[in-house]
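Please look through the sequence and the 3D structure shown here before reading on, and keep both in view while you follow the report.

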Amino acid sequence: MKNGKILVVGGTGYIGSRLVSVLLQRNYSVRVTYRKIEKIENKLWYGHPKLEIIYADVYNQLSVIKACEGISVVYYLVHSMGSDKKDFAKWDRIAVRNIGIATLKNSVDRIIYLGGLSTKSKHISEHLYSRSQVGKLLQGGKVPTTVLQAAMIIGSGSVSFEMLRYLVDRLPIMVTPKWVETLNQPIAISIVIE
């Protein structure tokens, strides 16, 4: 890495906030993007001397270009599914294009993306399909990209794990869509971060 500064896009989320904590513990210089300052101010690592925060919205190309200035590695942990955007796959593509342009303009050494565990099934959900496409788009760009894939991430606070736990606690039987036939390989949050 040229200067060792790491940008975490999505650092206020479940995975990102834990990753930022570990990176800071390991003495890396970290920059974290935010869209809403209140989401970052309550993190335990807020105010750390090796932490820099910067406003950036992945749908705003100029803000992403600015966030990538002086960065060696970008961890891209954003998924549009949780947004208020109706066509999240389209918004995922817009965000990826902006990240691709920003990282190329700033000569970033590498992008690291965490996506969903892909499957060849015909019954893949729109969400998993979009996450798979994000990885392919990033790898098709000019900045070297590592795509990591994980299925359900197990750990307190994980949305997918908490949702499943909630369903199992309340429904003795449930009818599910065909894509639920997709096999699952859960992984612990500690292993994902490592």
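The report below turns from the sheet to the helices, and then to a single residue.

The model is predicted, and in it six strands form an open sheet in the order β3-β2-β1-β4-β5-β6, with parallel pairing. Because β3 (51–55) and β6 (145–150) stand at the edges and each has a single partner strand, one side of each is left without a neighbour in the sheet. From one strand to the next, the twist averages 20°. Looking at one edge in detail, strand β2, which covers residues 30–34, pairs with β3 in the parallel sense over five bridges, and in β3 it is Glu 52 that serves as the bridge partner of Arg 31.

Two helices that lie across strands of the sheet are set out in the table.

| Helix | Residues | Strands it lies across | Direction |
|---|---|---|---|
| α1 | 14–25 | β1 (6–9), β2, β3, β4 (73–76) and β5 (110–116) | about 165° to β1 |
| α4 | 88–105 | β1, β4 and β5 | about 175° to β4 |

Helix α4 also holds Leu 104, the residue taken up next. Is Leu 104 buried or exposed? Leu 104 falls in between, because its relative accessible area is 47%, and partly exposed means a value between the limits of 20% and 50%. When residues up to four places away in sequence are not counted, Leu 104 touches Lys 142 and Val 143. Leu 104 and Pro 144 are 40 residues apart in sequence, and in space they are 9.9 Å apart, C-alpha to C-alpha.

Methods:
Residues numbered from 1 in each chain as written. Predicted model: local features only at pLDDT ≥ 70, side-chain atom pairs only at ≥ 80, totals over all residues. Heavy atoms only, no water. Pairing = 2+ DSSP bridges. Helix = DSSP H or I, 4+ residues; strand = E, 2+ residues; numbered from the N terminus. Axes fitted to C-alpha atoms, helices over the stretch in contact; angles between N-to-C directions. Contact = heavy atoms within 4.5 Å. Buried < 20%, exposed > 50% of the residue type's maximum accessible area, 1.4 Å probe, protein only.
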